[in-house]
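I opened this entry to record what I looked up, residue by residue, in the structure shown here. The notes follow the order in which I checked things.

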Amino acid sequence: MNFKTEVEAANALQADYQKLTAEIRKKIYGQDDIIKKVLISIFSNGHCLLVGVPGLAKTLLVNTIAQVLDLKYQRIQFTPDLMPSDIIGTEILNNERKFNFIQGPLFANILLADEINRTPPKTQSALLEAMQEQMVTVNGKTYPIKKPFFVLATQNPIEQEGTYPLPEAQLDRFMFSIYLDYPKIEDELAIVENTTSGKEIALDKIMSAEQILYYQKLIQKVPINRNVLEYAVNLAAKTRPNTEHSHRMANEYINWGAGPRASQYLVVGAKTNALLSGKYSPDIEDVKEVAVSILRHRIMKNYKAEAEGISIENIIQELLK
C-alpha cells in the first residue's frame, strides 16, 4: 500500500468501501445499513453478531462479503451435538507415534458461525480465546490464527425452540449486534425477481488481506477531538446503574451496563464511520451512528423494564438525547 499521505489513504478507503457496497448489492437488496455496519466491524477489527428469524439472508450476506474479500473463508453450522474440537481442531497420533495438530475450521480469515445459539455454552466458549486473542491453546500449545480474523455469527431470536442464550462474556466480544427485520415490499419484489429468474451473478474480488490490515492500522491513527472521546466514554458510563455518571433510566431499568470494551468500540467505530463517510475525524454524530448496535447486547434490563414494555433500544435512545 503506497500512499503519499494518510489523507490519500483515507480517500482510497472510502473509494474501496463504495466498490465493496456496490458489489455486495448485486446479491443483497435493501440492507444498506446492515452492509455498512458489517463492513465497519471488519475495518474496526471487530466481530459481528447478526440476529433475526430464519430466511432473512443472514448467511447469504456473510457469504457475499466473503466472496468480495480475497480472504480464506470457513463456515461452521452450529448444532446441539457440536463439540469444541469440531471447531478448534484436534491432535491425532501419526505413524511415528507423535501427536500432530489438525486445524479445525476456526483457522480462517472470515469465520461464519451459523446459528451460534443452537449449540450449548461449552462449544460456544471455544470461540472466546480465538475472538479476543486471535489464537487457540490445545494441550498447552498455542496456535496463532492468521490475521485478519473476523467472526461473523448469525443468531436466531432466543424465543425460538432449541436455542441457548449466549453467555455475557461472549456477547461482549462482539463489536456489533445487528438486528435484521423483514424486507420492504419493493425490496422483496427485487429479491424474488432476481432469485427466481435463473440469473447467475458473478462477484469480483475487491480487497485483499493486506489492504484490510493496512486500513485497520490507518483507522487507529485517525485523530479524535477530546469532546468526542469524552462523549463516547460518558455514554458507556451512563448505562451503569448506581454509579457516579449513571443516567436515571439506568438506575430505574438496568441491572448492569456496558463495560470499557463498549467505550473502545464506540471510539473506533466512530472513526471508521467517519472515514467511510468521507470525513477525516469523527464527531458526536458518528458515535451516535454506531451506538445502538454496540450497546444493545451489553445492557441487561431489569424486571421493571420488562413489565413496563421498555426495550433496550428505548433506553439507549434516551441516553443519546
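I began with glutamine 134, which lies in the loop between helix H6 (128-133) and strand E7 (135-138). The model is a predicted one, and in it phi of glutamine 134 is near 55 degrees, a positive value in a residue other than glycine. I then checked its accessibility and noted a relative accessible area of 10%, so glutamine 134 is buried, the limit being under 20%.

I looked next at alanine 57, where phi is near 70 degrees, again a positive value in a residue other than glycine. Alanine 57 is found in the loop between strand E1 (47-51) and helix H3 (58-68). With a relative accessible area of 32%, alanine 57 is partly exposed.

For the backbone I also recorded a cis peptide bond, which joins lysine 147 and proline 148 with omega at about -5 degrees. Proline 148 belongs to the loop between strand E8 (141-144) and strand E9 (150-155).

I turned to the aromatic rings and counted five aromatic pairs. How are the rings of phenylalanine 43 and tyrosine 215 arranged? I found their centres 6.2 Å apart and their planes at 85 degrees, and because an angle over 60 degrees counts as edge-to-face, I entered the pair under that heading. This pair links distant parts of the chain, since I located phenylalanine 43 in helix H2 (residues 32-43) and tyrosine 215 in helix H9 (residues 209-220), 172 residues apart. Both phenylalanine 43 and tyrosine 215 are buried.

I followed tyrosine 215 to a further partner, tyrosine 214, with which it forms an edge-to-face aromatic pair, at 5.9 Å centre to centre and with 70 degrees between the planes. Are these two tyrosines buried or exposed? Tyrosine 215 has 1% relative accessibility and therefore counts as buried, whereas tyrosine 214, with a relative accessible area of 25%, is partly exposed. I wrote down one aromatic cluster formed by Phe3, Phe43, Tyr214 and Tyr215.

I also noted a charge placed over a ring: the charged end of arginine 296 sits over the ring of tyrosine 179, at 4.1 Å from the ring centre.

Returning to H9, I examined how it packs with helix H12 (residues 260-276), and obtained an angle of about 110 degrees with the axes 9 Å apart. Because angles of 65 to 115 degrees count as roughly perpendicular, I describe H9 as roughly perpendicular to H12. Which residues make the contact? From H9 I listed Leu218, Ile219 and Gln220, and from H12 I listed Val268, Lys271, Thr272 and Leu275. By class, the residues of this contact of H9 with H12 divide into four nonpolar, two polar and one charged.

My last stop was leucine 235, which lies in helix H10 (residues 226-238). Leucine 235 has a relative accessibility of 1% and so counts as buried. Leaving aside residues up to four places away in sequence, I found that leucine 235 touches Leu266, Val287, Ala291, Leu295, Leu319 and Leu320. I also took the separation between the C-alpha atoms of leucine 235 and leucine 56, which lie 179 residues apart along the chain, and the value is 31 Å.

Note on methods
Residues numbered from 1 in each chain as written. Predicted model: local features only at pLDDT ≥ 70, side-chain atom pairs only at ≥ 80, totals over all residues. Heavy atoms only, no water. Phe/Tyr/Trp six-rings, centres within 6.5 Å; stacked < 30°, edge-to-face > 60°. Helix = DSSP H or I, 4+ residues; strand = E, 2+ residues; numbered from the N terminus. Buried < 20%, exposed > 50% of the residue type's maximum accessible area, 1.4 Å probe, protein only. Lys NZ or Arg CZ within 6 Å of the ring centre and 35° of its normal. Axes fitted to C-alpha atoms, helices over the stretch in contact; angles between N-to-C directions. Parallel < 35°, antiparallel > 145°, perpendicular 65-115°, else oblique. Contact = heavy atoms within 4.5 Å. Nonpolar A, V, L, I, M, F, W, Y, C, P; charged D, E, K, R; others polar.
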